[in-house]
Amino acid sequence: MLPRAQQINYGAGYLAVRGLVIEFASPPGPDDRFAAQELSKWLGSRARAEIPIREKKGNGPVILLERTG
């Protein structure tokens, strides 16, 4: 079971899932890594593509996981 998202920001247009990377806003703990792995698996199965997880900021479109509490 994962916690519900507390905030989602939608923009205009589209975002391709292929090519996305999951990143962390701060050093991740075990719970953060688990959530990222589950999200990566779920999105990857839907897009039929690998959704990598990285701990350091990179370039390109990302899903940024930010712990607020």
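Reader: Where is the place of Pro61?

Author: In this predicted model, where local features need pLDDT of at least 70, side-chain atom pairs count only at pLDDT 80 or more, and totals for chains, interfaces and linings use all residues, Pro61 sits in the loop between β2 (53–54) and β3 (62–65). Residues are numbered from 1 along each chain as its sequence is written, and side-chain values use heavy atoms, leaving out hydrogens and water. The strands are DSSP runs (E, at least two residues; helices are H or I, at least four), numbered from the N terminus.

Reader: Why is Pro61 called partly exposed?

Author: Buried means under 20% relative accessible area and exposed over 50%, with partly exposed in between (1.4 Å probe, protein chains only); Pro61 has 41%, so it is partly exposed.

Reader: What makes Glu23 and Arg54 a salt bridge?

Author: The term requires a side-chain nitrogen of Lys or Arg within 4 Å of a carboxyl oxygen of Asp or Glu, and the closest N and O atoms of Glu23 and Arg54 are 2.6 Å apart, which fits. Because Glu23 lies in strand β1 (residues 21–24) and Arg54 in strand β2, the pair ties together parts that are 31 residues apart in sequence.

Reader: Why does Glu23 count as buried, and Arg54 as partly exposed?

Author: Glu23 has 4% relative accessibility and therefore counts as buried, whereas Arg54, at 24%, counts as partly exposed.

Reader: How do you know that Lys41 and Glu38 are separated by about one helical turn?

Author: They are 3 residues apart in helix α1, which means a separation of about one helical turn; their salt bridge has its closest N and O atoms 3.2 Å apart.
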